[in-house]
Amino acid sequence: MSDPHRREFLTAAAGIATLATLSGSQQAVAGDPSFMNNVPDPALAEKELPTFKFALEKSQGKVIGNSFGKEATVTQLPISKGIAGVSMKLEPGAMRELHWHATAAEWAFVLEGRVRTTVIDPQGASETNDFDPGNVWYFPRGHGHMLQCLGERPCHFILIFDNRYFSEFGTFSITDWIGHTPKPLLAKNFGLPESVFDSFPKEEVYFARGKIPPAEPSTPLQGWKLPPETHKYRLLSQQPTATFDGGREWRVDSSRFPISRTVTGVVLDLDPGALRTLHWHPNADEWQYVIDGQVSVTLFGSHGRFRTEQLDKGDVGYIPQGYGHSIENTGNTRARILIGFNSGIYESIDLTQWIAGNPADVLATNFGQTAELVQKFPHRDVFVAGKSGSGK
């Protein structure tokens, strides 16, 4: 048996053994990305692809005073089975109160203003950080935290959650908990008189409002006890991950930001007419938020299904894992798109790279063309194509 055939035989045998083990155990581990758990989504099984666009900033959301939270969960955008997002604005002196997400990790990108956060982990370590535009934070699932506007100007940031249901079933606020706990239980828990809790809120506050925070963070009641990994990353302070003829990309995954184990974030700039070429992501869904400009997003769903959506500033787009797609700047100014993936490791396969990875005779047979013609295709990956059609 030749070496290549022997390798194929051994690989097949190992695969059969693995399937036999899985079948015998009759178990499917939660979060297992294998086909054993890959149940087809009814929303994607129709003859036509559903919409993958939601006008996030035009939605009403939750408004208290001059602060708001506008969400795009599976309720607002049914195709978004793996990721949810929020646009949040805090007025000066406002704070998104202490809370945690039982069902999702939180990744954020600051658009405007300044934000202060404090987060605590299961070991009791807490970290306070101040964030400027272009900065990112990540809070693992279940870690308690708060978000606070700094200074005299409002702040605006985008939150990405690695679970479509984070809002409806998984957000726990501290005032909601304390406000609905019997006073004798609270008194015993904190070692304080019951009367202390008479003036506490009886319902969830959500956005708390008070004085503008001090310029420097105050010391926690327990003193400083920092975690081993920081929750902050200065994304746009870094050099672009890559620069192209027609665009730039900043990317941060767990290799650069170790605590961000379930979310990868990208800021993609496209010049007028530029195209993020046809590609797919084998390991993650993609959530898009248009920061500036106008883009045309195409989605390919197999069996001849194809859909194009026009996204403007403040709109959200969603691409299911493994579905082919592209992003094109159709406006006259630079387009900037914030993109989140529900995996801490970035993976993509570009159509140009796939073609370049095959011999000319294979391509000629596949497309029914001459070898001379297929030789004219790019011999390398084209991540972004400029207006002229060239790229890098």
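This is a short tour of a predicted model, with a suggestion at each stop for what to select next.

**Stop 1: the whole chain**

Start by showing the chain as a cartoon. Its secondary structure comes to seven helices and 26 strands. Now switch on the surface: the accessible area is about 20,300 Å², and carbon and sulfur atoms make up 56% of it. Of the 392 residues in the chain, 45% count as buried. How much of the contact network links residues that are 24 or more positions apart? Among contacts with a separation of 6 or more, such pairs account for 74%.

**Stop 2: colour by confidence**

Colour the chain by pLDDT. The mean is 91, and 89% of the residues reach 70 or more. Then select residues 1-32, where the pLDDT is below 50. Beyond near neighbours in sequence, this stretch has nine contacts in the model. Where pLDDT is low, the predicted coordinates should not be read in detail.

**Stop 3: Asp 41**

Move along to Asp 41, in the loop between helix H1 (3-25) and strand S1 (53-54). Asp 41 counts as buried because its relative accessibility is 18%, and buried means under 20%. Show its side chain, and you can follow it to the backbone nitrogen of Ala 43, at 3.0 Å.

**Stop 4: the largest nonpolar core**

Select Trp 107, Phe 109, Leu 235, Trp 287, Tyr 289, Val 295 and Leu 338 together. In the largest nonpolar core, which has 52 residues, these seven touch the most other members. Which strand gives this core its largest share? Strand S24 (residues 335-341) does, with five residues. In soluble globular proteins, nonpolar side chains tend to be buried together.

Now centre the view on Trp 287. Leaving out residues up to four places away in sequence, the residues Trp 287 touches include Ala 72, Ile 83, Ala 84, Ile 158, Val 316, Tyr 318 and Leu 338. One of these, Ala 84, belongs to a second, separate core of 22 residues. To find that second core, select Ala 84, Ala 94, Phe 161 and Tyr 206, which are among its members.

**Stop 5: two cysteines**

Show the side chains of Cys 149 and Cys 155. How many disulfides does the whole structure hold? A search finds zero. The cysteine sulfur nearest to that of Cys 149 is in Cys 155, 3.8 Å away. Why is there no bond between Cys 155 and Cys 149? Their sulfurs are 3.8 Å apart, which is too far, because a disulfide needs the two sulfur atoms within 2.5 Å. Are these residues buried or exposed? Cys 149 is buried, at 0% relative accessibility, and Cys 155 is buried with a value of 0%.

**Stop 6: Ser 254**

Next, select Ser 254, in the loop between strand S16 (247-252) and strand S17 (264-270). Ser 254 counts as buried, with a relative accessibility of 19%. A polar atom of its side chain lies 2.8 Å from the backbone oxygen of Gly 344. Beyond four places in sequence, Ser 254 is in contact with Ser 260, Arg 261, Gly 344 and Ile 345.

**Stop 7: a loop with positive phi**

Finish at Ser 302, in the loop between strand S20 (295-300) and strand S21 (306-311). Its phi is near 70°, a positive value in a residue other than glycine. His 303, in the loop between S20 and S21, has a positive phi near 55°. Compare their surroundings: Ser 302 is partly exposed, at 29% relative accessibility, whereas His 303 is exposed, at 78%.

Definitions and conventions:
Residues numbered from 1 in each chain as written. Predicted model: local features only at pLDDT ≥ 70, side-chain atom pairs only at ≥ 80, totals over all residues. Heavy atoms only, no water. pLDDT = per-residue confidence, 0-100. Contact = heavy atoms within 4.5 Å. Buried < 20%, exposed > 50% of the residue type's maximum accessible area, 1.4 Å probe, protein only. Helix = DSSP H or I, 4+ residues; strand = E, 2+ residues; numbered from the N terminus. Polar contact = N/O pair within 3.5 Å; in protein donor to acceptor, adjacent residues only side chain to side chain. Core = buried A, V, L, I, M, F, W, Y, C linked by side-chain atoms within 4.5 Å. Areas by Shrake-Rupley, 256 points an atom, 1.4 Å probe, with all protein chains shown as cover.
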